[in-house]
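Visitor: I'm new to reading protein structures, and I'd like a close look at a single part. Could you take me slowly through one of the sheets and whatever lies against it?

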Amino acid sequence: MIILQIMMGIIGLALLLLLAAVIRTLLIPKKESTYRPDPDPERAMEYARKLSEMVRCDTVSVPDGDQREKFLAFHRVLEKLFPLVHQKLEKTEIDGNLLFYWKGEKSDRPLVLMSHQDVVPAEGAWEHAPFSGDIEDGKVWGRGASDTKCSVMAFFQAVEELLAEGYIPPQDVYLSSSCTEEWGGEGCPKLVAELERRGVRPWLVCDEGGGIITDPIGGIHGNFAMVGVFEKGKADVKFTAASEGGHASAPKAHSPVARLAAFVNEVETHPVFRRRMPKEVAAMFRTLAPYAGFPLKLVFTNLWLFRPLLLKLLPAISAQAGAMIRTTIAFTMMSGSNACNVMPQEASVSANMRFIPHQGMEESLEIIRKLAAKHGLETKVLDANDYTEPVDIRGEAFLHTLVRNEPHIRADRGLLWHHIAGVRSAHHRKGNRCPDHGACLCADPGKHFQ
Ligand SMILES: [Zn+2]
(Lines give C-alpha, C1' and ligand atoms only; values in the text may rest on other atoms or scores of the structure.)
Protein backbone atom coordinates (compact mmCIF):
# COMPACT_ATOMS: atom_id res chain seq x y z
CA MET A 1 0.00 0.00 0.00
CA ILE A 2 2.77 2.42 0.99
CA ILE A 3 4.74 1.49 -2.13
CA LEU A 4 1.68 2.22 -4.25
CA GLN A 5 1.30 5.61 -2.56
CA ILE A 6 4.97 6.43 -3.13
CA MET A 7 4.66 5.45 -6.78
CA MET A 8 1.55 7.54 -7.21
CA GLY A 9 3.40 10.41 -5.56
CA ILE A 10 6.36 10.07 -7.94
CA ILE A 11 4.10 9.89 -11.00
CA GLY A 12 2.14 12.90 -9.71
CA LEU A 13 5.35 14.88 -9.21
CA ALA A 14 6.62 13.94 -12.67
CA LEU A 15 3.33 15.06 -14.22
CA LEU A 16 3.51 18.30 -12.28
CA LEU A 17 7.05 19.00 -13.52
CA LEU A 18 6.01 18.20 -17.06
CA LEU A 19 3.01 20.49 -16.74
CA ALA A 20 5.27 23.29 -15.49
CA ALA A 21 7.59 22.69 -18.45
CA VAL A 22 4.69 22.77 -20.92
CA ILE A 23 3.33 26.02 -19.44
CA ARG A 24 6.80 27.62 -19.58
CA THR A 25 7.12 26.56 -23.21
CA LEU A 26 3.72 27.94 -24.16
CA LEU A 27 4.54 31.26 -22.53
CA ILE A 28 7.52 31.82 -24.82
CA PRO A 29 6.37 33.52 -28.00
CA LYS A 30 7.26 31.84 -31.24
CA LYS A 31 9.91 33.53 -33.37
CA GLU A 32 10.76 33.18 -37.01
CA SER A 33 14.07 33.77 -38.69
CA THR A 34 13.17 36.40 -41.24
CA TYR A 35 16.59 36.97 -42.76
CA ARG A 36 16.66 36.07 -46.42
CA PRO A 37 19.50 36.90 -48.77
CA ASP A 38 18.48 39.91 -50.80
CA PRO A 39 21.64 41.35 -52.28
CA ASP A 40 22.31 44.54 -54.10
CA PRO A 41 23.64 42.74 -57.21
CA GLU A 42 26.17 45.40 -58.12
CA ARG A 43 27.66 45.64 -54.67
CA ALA A 44 27.71 41.86 -54.27
CA MET A 45 29.51 41.46 -57.60
CA GLU A 46 32.10 44.08 -56.70
CA TYR A 47 32.81 42.21 -53.48
CA ALA A 48 32.86 38.85 -55.24
CA ARG A 49 35.46 40.13 -57.72
CA LYS A 50 37.68 41.37 -54.94
CA LEU A 51 37.43 38.12 -53.00
CA SER A 52 38.03 36.18 -56.21
CA GLU A 53 41.25 38.09 -56.83
CA MET A 54 42.40 37.26 -53.32
CA VAL A 55 41.58 33.57 -53.77
CA ARG A 56 43.61 33.48 -56.98
CA CYS A 57 46.78 34.13 -54.95
CA ASP A 58 48.21 30.83 -53.86
CA THR A 59 48.92 31.40 -50.16
CA VAL A 60 49.43 27.80 -49.09
CA SER A 61 51.51 27.79 -45.94
CA VAL A 62 53.46 24.79 -44.64
CA PRO A 63 55.76 24.46 -41.64
CA ASP A 64 59.15 24.41 -43.35
CA GLY A 65 60.69 26.97 -45.63
CA ASP A 66 60.52 30.72 -46.02
CA GLN A 67 57.26 31.71 -47.65
CA ARG A 68 57.49 35.43 -47.09
CA GLU A 69 57.72 36.24 -50.82
CA LYS A 70 54.43 34.46 -51.46
CA PHE A 71 52.72 36.62 -48.87
CA LEU A 72 54.35 39.82 -50.05
CA ALA A 73 52.75 39.10 -53.44
CA PHE A 74 49.39 38.72 -51.67
CA HIS A 75 49.99 42.04 -49.88
CA ARG A 76 50.44 43.75 -53.24
CA VAL A 77 46.97 42.49 -54.21
CA LEU A 78 45.57 43.86 -50.94
CA GLU A 79 47.23 47.19 -51.63
CA LYS A 80 45.55 47.36 -55.04
CA LEU A 81 42.13 46.31 -53.72
CA PHE A 82 42.11 48.50 -50.60
CA PRO A 83 44.04 51.66 -51.45
CA LEU A 84 42.61 53.85 -48.67
CA VAL A 85 43.46 51.30 -45.99
CA HIS A 86 47.05 51.44 -47.21
CA GLN A 87 47.14 55.22 -47.43
CA LYS A 88 45.53 56.09 -44.12
CA LEU A 89 46.39 53.26 -41.73
CA GLU A 90 49.80 52.55 -40.25
CA LYS A 91 51.03 49.27 -41.72
CA THR A 92 53.49 46.90 -40.04
CA GLU A 93 54.69 43.76 -41.78
CA ILE A 94 56.45 41.07 -39.75
CA ASP A 95 57.65 38.05 -41.76
CA GLY A 96 54.55 38.10 -43.96
CA ASN A 97 52.15 38.80 -41.07
CA LEU A 98 50.20 42.05 -41.19
CA LEU A 99 49.13 44.60 -38.63
CA PHE A 100 47.30 47.80 -39.54
CA TYR A 101 46.62 50.50 -36.98
CA TRP A 102 43.64 52.81 -37.36
CA LYS A 103 43.70 55.59 -34.83
CA GLY A 104 40.38 56.19 -33.11
CA GLU A 105 39.05 58.93 -30.86
CA LYS A 106 40.06 56.92 -27.80
CA SER A 107 42.51 54.13 -27.05
CA ASP A 108 41.19 52.55 -23.85
CA ARG A 109 39.08 49.85 -25.55
CA PRO A 110 40.99 48.84 -28.66
CA LEU A 111 39.38 46.49 -31.14
CA VAL A 112 41.33 43.79 -33.00
CA LEU A 113 39.85 42.37 -36.20
CA MET A 114 41.76 39.18 -36.81
CA SER A 115 42.05 36.95 -39.84
CA HIS A 116 44.65 34.81 -41.57
CA GLN A 117 45.93 34.97 -45.13
CA ASP A 118 47.29 31.43 -45.41
CA VAL A 119 45.40 28.35 -46.60
CA VAL A 120 45.94 24.62 -46.32
CA PRO A 121 47.27 22.72 -49.37
CA ALA A 122 44.66 21.93 -52.00
CA GLU A 123 44.64 18.19 -52.59
CA GLY A 124 42.15 15.83 -54.19
CA ALA A 125 39.55 16.53 -56.85
CA TRP A 126 37.95 19.97 -57.04
CA GLU A 127 34.70 20.98 -58.69
CA HIS A 128 36.39 24.30 -59.53
CA ALA A 129 40.18 24.56 -59.53
CA PRO A 130 41.26 25.52 -55.99
CA PHE A 131 42.90 28.81 -56.99
CA SER A 132 40.50 29.67 -59.82
CA GLY A 133 38.44 32.14 -57.82
CA ASP A 134 35.56 31.28 -60.16
CA ILE A 135 32.39 33.27 -59.57
CA GLU A 136 29.49 30.93 -60.22
CA ASP A 137 26.10 30.04 -58.68
CA GLY A 138 26.27 33.12 -56.47
CA LYS A 139 29.50 31.93 -54.88
CA VAL A 140 33.20 32.58 -55.03
CA TRP A 141 34.95 29.23 -55.45
CA GLY A 142 38.38 28.27 -54.24
CA ARG A 143 40.71 27.53 -51.37
CA GLY A 144 40.45 30.19 -48.69
CA ALA A 145 37.15 31.68 -49.92
CA SER A 146 35.68 31.05 -46.48
CA ASP A 147 38.81 30.21 -44.41
CA THR A 148 39.57 33.08 -44.08
CA LYS A 149 40.07 35.36 -47.06
CA CYS A 150 36.41 36.26 -46.60
CA SER A 151 37.32 37.68 -43.17
CA VAL A 152 40.25 39.61 -44.64
CA MET A 153 37.82 40.86 -47.27
CA ALA A 154 35.07 41.85 -44.80
CA PHE A 155 37.40 43.67 -42.43
CA PHE A 156 39.44 45.50 -45.08
CA GLN A 157 36.41 46.39 -47.19
CA ALA A 158 34.49 47.74 -44.18
CA VAL A 159 37.42 49.96 -43.23
CA GLU A 160 37.93 51.00 -46.86
CA GLU A 161 34.30 52.16 -47.17
CA LEU A 162 34.39 53.96 -43.84
CA LEU A 163 37.59 55.76 -44.74
CA ALA A 164 35.90 56.93 -47.94
CA GLU A 165 33.17 58.44 -45.75
CA GLY A 166 35.74 60.18 -43.55
CA TYR A 167 34.76 58.13 -40.53
CA ILE A 168 36.87 58.16 -37.37
CA PRO A 169 36.27 55.14 -35.13
CA PRO A 170 35.38 55.85 -31.49
CA GLN A 171 38.18 53.48 -30.42
CA ASP A 172 41.49 52.37 -31.91
CA VAL A 173 41.12 49.55 -34.41
CA TYR A 174 43.76 47.01 -35.44
CA LEU A 175 43.54 44.77 -38.49
CA SER A 176 45.67 41.73 -37.77
CA SER A 177 46.31 38.96 -40.27
CA SER A 178 48.78 36.14 -39.78
CA CYS A 179 50.23 33.83 -42.42
CA THR A 180 50.94 30.66 -40.42
CA GLU A 181 47.58 29.98 -38.80
CA GLU A 182 46.82 26.71 -40.53
CA TRP A 183 49.78 24.90 -38.99
CA GLY A 184 49.92 26.81 -35.73
CA GLY A 185 53.08 28.74 -36.60
CA GLU A 186 54.59 31.81 -35.03
CA GLY A 187 52.64 34.36 -37.10
CA CYS A 188 49.94 35.30 -34.63
CA PRO A 189 52.23 35.17 -31.57
CA LYS A 190 54.53 37.63 -33.36
CA LEU A 191 51.63 40.02 -33.92
CA VAL A 192 50.54 39.64 -30.31
CA ALA A 193 54.09 40.36 -29.15
CA GLU A 194 54.08 43.50 -31.28
CA LEU A 195 50.81 44.67 -29.70
CA GLU A 196 52.23 43.91 -26.26
CA ARG A 197 55.34 45.87 -27.08
CA ARG A 198 53.10 48.84 -27.88
CA GLY A 199 51.20 48.36 -24.62
CA VAL A 200 47.95 47.51 -26.42
CA ARG A 201 45.51 45.36 -24.47
CA PRO A 202 42.56 44.49 -26.74
CA TRP A 203 39.08 44.96 -25.36
CA LEU A 204 37.50 42.85 -28.09
CA VAL A 205 39.10 40.44 -30.56
CA CYS A 206 37.05 39.17 -33.49
CA ASP A 207 38.51 36.09 -35.11
CA GLU A 208 37.21 33.40 -37.42
CA GLY A 209 34.67 30.88 -36.17
CA GLY A 210 31.09 30.16 -36.93
CA GLY A 211 29.21 31.53 -39.87
CA ILE A 212 25.69 31.90 -41.14
CA ILE A 213 24.07 28.49 -40.90
CA THR A 214 20.84 27.56 -42.61
CA ASP A 215 18.53 25.21 -40.65
CA PRO A 216 21.09 24.61 -37.88
CA ILE A 217 19.21 21.80 -36.13
CA GLY A 218 16.50 19.52 -37.50
CA GLY A 219 13.16 21.26 -36.97
CA ILE A 220 14.61 24.77 -36.75
CA HIS A 221 14.38 26.68 -40.00
CA GLY A 222 16.03 29.85 -41.18
CA ASN A 223 19.42 31.49 -41.19
CA PHE A 224 21.36 31.89 -37.99
CA ALA A 225 24.73 33.49 -37.33
CA MET A 226 26.72 31.17 -35.14
CA VAL A 227 29.32 32.99 -33.10
CA GLY A 228 32.25 30.87 -31.96
CA VAL A 229 33.06 31.55 -28.33
CA PHE A 230 35.92 29.20 -27.58
CA GLU A 231 38.22 26.69 -29.18
CA LYS A 232 38.71 23.18 -27.91
CA GLY A 233 42.24 22.07 -27.15
CA LYS A 234 43.82 19.47 -29.38
CA ALA A 235 46.49 16.80 -29.42
CA ASP A 236 48.00 14.24 -31.75
CA VAL A 237 48.66 11.04 -29.85
CA LYS A 238 50.33 7.80 -30.87
CA PHE A 239 49.64 4.46 -29.16
CA THR A 240 52.21 1.73 -29.66
CA ALA A 241 52.07 -2.00 -28.93
CA ALA A 242 55.33 -3.95 -28.94
CA SER A 243 56.03 -7.71 -29.13
CA GLU A 244 58.86 -10.06 -30.04
CA GLY A 245 57.44 -10.41 -33.52
CA GLY A 246 57.56 -13.98 -34.83
CA HIS A 247 55.85 -15.85 -37.61
CA ALA A 248 52.22 -15.74 -38.56
CA SER A 249 52.12 -19.57 -38.63
CA ALA A 250 52.39 -19.69 -34.84
CA PRO A 251 50.68 -16.58 -33.52
CA LYS A 252 50.93 -15.76 -29.85
CA ALA A 253 47.99 -14.43 -27.90
CA HIS A 254 47.63 -10.67 -27.30
CA SER A 255 49.40 -9.72 -30.48
CA PRO A 256 50.06 -5.98 -30.95
CA VAL A 257 47.28 -5.61 -33.50
CA ALA A 258 44.76 -7.40 -31.28
CA ARG A 259 45.64 -5.18 -28.32
CA LEU A 260 45.31 -2.05 -30.40
CA ALA A 261 41.99 -3.27 -31.75
CA ALA A 262 40.68 -3.99 -28.24
CA PHE A 263 41.77 -0.53 -27.11
CA VAL A 264 40.16 1.26 -30.06
CA ASN A 265 37.00 -0.77 -29.59
CA GLU A 266 36.79 0.13 -25.90
CA VAL A 267 37.25 3.83 -26.59
CA GLU A 268 34.61 3.81 -29.32
CA THR A 269 31.99 1.81 -27.47
CA HIS A 270 32.31 3.19 -23.94
CA PRO A 271 31.69 6.71 -22.67
CA VAL A 272 35.32 7.40 -21.86
CA PHE A 273 34.96 11.16 -21.44
CA ARG A 274 32.54 12.98 -19.19
CA ARG A 275 29.51 14.58 -20.79
CA ARG A 276 28.43 17.97 -19.54
CA MET A 277 26.59 20.81 -21.19
CA PRO A 278 28.75 23.94 -21.23
CA LYS A 279 26.75 27.04 -20.36
CA GLU A 280 27.52 28.43 -23.83
CA VAL A 281 25.80 25.42 -25.44
CA ALA A 282 22.83 25.76 -23.09
CA ALA A 283 22.61 29.45 -24.06
CA MET A 284 22.60 28.47 -27.74
CA PHE A 285 19.72 26.03 -27.19
CA ARG A 286 17.75 28.62 -25.24
CA THR A 287 18.30 31.17 -28.01
CA LEU A 288 17.16 28.70 -30.66
CA ALA A 289 14.14 27.44 -28.65
CA PRO A 290 11.60 30.06 -29.80
CA TYR A 291 12.32 29.09 -33.43
CA ALA A 292 11.64 25.37 -32.88
CA GLY A 293 8.50 23.28 -33.18
CA PHE A 294 6.78 22.35 -29.92
CA PRO A 295 8.66 19.16 -28.91
CA LEU A 296 12.12 20.67 -29.43
CA LYS A 297 11.02 23.97 -27.92
CA LEU A 298 9.81 22.08 -24.85
CA VAL A 299 13.23 20.46 -24.44
CA PHE A 300 15.35 23.56 -25.18
CA THR A 301 13.23 25.85 -22.96
CA ASN A 302 13.39 23.46 -20.01
CA LEU A 303 16.98 22.35 -19.82
CA TRP A 304 16.55 22.17 -16.01
CA LEU A 305 14.37 19.12 -16.66
CA PHE A 306 15.66 17.65 -19.91
CA ARG A 307 19.41 18.22 -19.62
CA PRO A 308 20.23 14.61 -18.59
CA LEU A 309 18.15 13.25 -21.46
CA LEU A 310 19.78 15.65 -23.90
CA LEU A 311 23.27 14.66 -22.77
CA LYS A 312 22.41 11.06 -23.57
CA LEU A 313 20.82 11.85 -26.92
CA LEU A 314 23.13 14.48 -28.41
CA PRO A 315 25.96 12.13 -29.50
CA ALA A 316 23.36 9.95 -31.22
CA ILE A 317 21.78 12.95 -33.01
CA SER A 318 25.01 13.98 -34.73
CA ALA A 319 28.77 13.84 -34.34
CA GLN A 320 28.83 17.64 -34.18
CA ALA A 321 26.27 17.70 -31.38
CA GLY A 322 28.21 15.05 -29.46
CA ALA A 323 31.43 17.03 -29.79
CA MET A 324 29.84 20.01 -28.04
CA ILE A 325 29.50 18.19 -24.73
CA ARG A 326 32.68 16.18 -24.27
CA THR A 327 36.31 15.64 -25.17
CA THR A 328 36.58 13.63 -28.39
CA ILE A 329 39.11 11.24 -29.84
CA ALA A 330 39.31 10.19 -33.49
CA PHE A 331 41.60 7.37 -34.60
CA THR A 332 43.23 8.39 -37.83
CA MET A 333 46.36 6.34 -38.69
CA MET A 334 47.46 2.71 -38.24
CA SER A 335 50.59 0.78 -38.97
CA GLY A 336 51.85 -2.76 -38.42
CA SER A 337 54.18 -5.09 -40.26
CA ASN A 338 54.64 -4.76 -43.99
CA ALA A 339 53.80 -8.33 -45.01
CA CYS A 340 50.75 -10.49 -44.43
CA ASN A 341 52.77 -13.37 -43.02
CA VAL A 342 54.90 -11.33 -40.60
CA MET A 343 53.80 -10.54 -37.07
CA PRO A 344 54.71 -6.94 -36.33
CA GLN A 345 57.33 -6.27 -33.68
CA GLU A 346 55.57 -3.05 -33.18
CA ALA A 347 52.17 -1.78 -34.27
CA SER A 348 50.65 1.60 -33.67
CA VAL A 349 47.52 3.63 -34.02
CA SER A 350 47.41 7.41 -33.93
CA ALA A 351 44.59 9.68 -32.94
CA ASN A 352 43.53 13.28 -32.83
CA MET A 353 41.96 14.47 -29.58
CA ARG A 354 39.96 17.63 -28.85
CA PHE A 355 39.65 18.79 -25.25
CA ILE A 356 36.61 20.45 -23.73
CA PRO A 357 36.94 22.93 -20.84
CA HIS A 358 35.24 20.70 -18.26
CA GLN A 359 37.77 17.94 -19.00
CA GLY A 360 40.90 19.60 -20.30
CA MET A 361 44.15 18.38 -21.75
CA GLU A 362 45.78 17.00 -18.63
CA GLU A 363 42.79 15.04 -17.35
CA SER A 364 41.75 13.73 -20.77
CA LEU A 365 45.29 12.59 -21.62
CA GLU A 366 45.59 10.87 -18.25
CA ILE A 367 42.36 8.95 -18.87
CA ILE A 368 43.45 7.80 -22.29
CA ARG A 369 46.96 6.95 -21.09
CA LYS A 370 45.55 4.70 -18.34
CA LEU A 371 43.19 2.98 -20.73
CA ALA A 372 46.02 2.39 -23.21
CA ALA A 373 48.23 0.98 -20.44
CA LYS A 374 45.45 -1.45 -19.54
CA HIS A 375 45.80 -2.89 -23.05
CA GLY A 376 49.59 -2.95 -22.83
CA LEU A 377 50.09 0.10 -25.04
CA GLU A 378 52.53 2.93 -24.70
CA THR A 379 51.16 6.46 -25.19
CA LYS A 380 53.18 9.19 -26.79
CA VAL A 381 51.80 12.72 -27.08
CA LEU A 382 53.20 14.19 -30.29
CA ASP A 383 51.74 17.65 -30.03
CA ALA A 384 49.18 19.16 -27.68
CA ASN A 385 47.61 22.38 -26.54
CA ASP A 386 44.77 22.98 -24.14
CA TYR A 387 41.41 24.69 -24.84
CA THR A 388 41.06 28.46 -24.79
CA GLU A 389 38.97 30.00 -22.05
CA PRO A 390 35.44 30.61 -23.30
CA VAL A 391 34.47 34.20 -24.00
CA ASP A 392 32.24 35.68 -21.30
CA ILE A 393 28.90 35.50 -23.09
CA ARG A 394 27.32 37.88 -20.58
CA GLY A 395 30.22 40.31 -20.88
CA GLU A 396 29.93 43.73 -22.42
CA ALA A 397 32.45 43.00 -25.18
CA PHE A 398 30.60 39.90 -26.41
CA LEU A 399 27.17 41.51 -26.24
CA HIS A 400 28.60 44.36 -28.29
CA THR A 401 29.10 41.97 -31.20
CA LEU A 402 25.48 40.82 -31.34
CA VAL A 403 23.90 43.05 -33.90
CA ARG A 404 20.50 41.49 -34.23
CA ASN A 405 19.13 43.22 -37.25
CA GLU A 406 20.87 45.79 -39.33
CA PRO A 407 18.01 48.30 -39.51
CA HIS A 408 17.94 48.32 -35.71
CA ILE A 409 21.64 48.72 -35.06
CA ARG A 410 21.89 51.10 -32.20
CA ALA A 411 24.03 54.15 -32.74
CA ASP A 412 26.45 53.13 -30.02
CA ARG A 413 27.17 49.83 -31.77
CA GLY A 414 28.93 51.93 -34.34
CA LEU A 415 29.25 52.14 -38.04
CA LEU A 416 32.07 49.65 -38.16
CA TRP A 417 29.81 46.72 -37.24
CA HIS A 418 27.21 48.01 -39.61
CA HIS A 419 29.72 47.91 -42.45
CA ILE A 420 31.26 44.56 -41.55
CA ALA A 421 27.80 43.03 -41.27
CA GLY A 422 26.91 44.55 -44.62
CA VAL A 423 30.06 43.33 -46.35
CA ARG A 424 29.84 39.86 -44.93
CA SER A 425 26.24 39.38 -45.83
CA ALA A 426 26.60 40.93 -49.25
CA HIS A 427 29.55 38.97 -50.48
CA HIS A 428 29.07 35.85 -48.47
CA ARG A 429 25.39 35.16 -48.39
CA LYS A 430 24.40 38.08 -50.47
CA GLY A 431 21.98 39.84 -48.20
CA ASN A 432 21.93 43.31 -46.79
CA ARG A 433 20.59 42.59 -43.36
CA CYS A 434 22.15 40.75 -40.49
CA PRO A 435 20.54 37.47 -39.44
CA ASP A 436 19.42 36.31 -36.03
CA HIS A 437 22.08 35.12 -33.67
CA GLY A 438 22.79 32.03 -31.69
CA ALA A 439 26.05 31.08 -30.04
CA CYS A 440 28.17 28.10 -30.75
CA LEU A 441 31.39 26.47 -29.86
CA CYS A 442 33.28 25.95 -32.99
CA ALA A 443 35.83 28.68 -33.28
CA ASP A 444 39.06 30.32 -32.78
CA PRO A 445 38.39 33.38 -30.62
CA GLY A 446 41.75 35.06 -30.59
CA LYS A 447 43.42 32.19 -28.83
CA HIS A 448 46.71 33.97 -28.41
CA PHE A 449 45.16 36.73 -26.35
CA GLN A 450 44.81 35.30 -22.88
ZN1 LIG B 1 41.03 29.36 -40.52
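Guide: Let's walk through one sheet, strand by strand, and then glance at what else there is. Keep in mind that this is a predicted model.

Start with the overall layout. The sheet is open and has five strands, in the order 1-2-6-3-7, and its pairing is mixed. At the edges you will find strand 1 (90–94) and strand 7 (204–206), each of which pairs on one side only. Ignoring direction, neighbouring strands here are turned by 15° against each other on average. What holds such strands side by side? Strands of a sheet pair through backbone hydrogen bonds, and they can do so in a parallel or an antiparallel way.

Now put your finger on strand 6, which sits between strand 2 and strand 3 in the order. With strand 2 (residues 97–102), strand 6 (residues 171–178) pairs in the antiparallel sense, over five bridges. With strand 3 (residues 106–116), strand 6 runs parallel, and seven bridges join the two. That gives you both kinds of pairing around one strand.

A good residue to look for is leucine 175 in strand 6. Phenylalanine 100 stands opposite leucine 175, and leucine 175 is also the bridge partner of leucine 113. Try finding these residues in the picture, and you can follow a path across the sheet.

Is strand 6 enclosed or open to the outside? Seven of its eight residues are buried, so strand 6 is largely enclosed by the rest of the structure. One element that lies over this region is helix 6 (residues 187–197): it crosses strand 1, strand 2 and strand 6, and runs at about 30° to strand 2.

For contrast, turn to another sheet in the model. This one is open too, with four strands in the order 11-12-10-13 and antiparallel pairing. Its edge strands are strand 11 (328–335) and strand 13 (378–385), each pairing on one side only. Here, neighbouring strands are turned by 20° against each other on average, again with direction ignored. Strand 10 (residues 233–242) and strand 13 run antiparallel and are joined by seven bridges. Within that pair, valine 237 stands opposite valine 381 of strand 13.

So, back to our chosen part: keep strand 6 in view, with strand 2 antiparallel to it, strand 3 parallel to it, and helix 6 lying across it.

Methods: Residues are numbered from 1 along each chain as its sequence is written. This is a predicted model: local features need pLDDT of at least 70, side-chain atom pairs count only at pLDDT 80 or more; totals for chains, interfaces and linings use all residues. Two strands pair if DSSP finds at least two bridges between them. Axes are lines fitted to C-alpha atoms, for helices over the stretch in contact, and angles run from 0 to 180 degrees between N-to-C directions. Two residues are in contact if their C-beta atoms, placed from the backbone, lie within 7 Å. A residue is buried if 20 or more other C-beta atoms lie within 10 Å of its own, exposed if 12 or fewer, and partly exposed in between; C-beta atoms are placed from the backbone.
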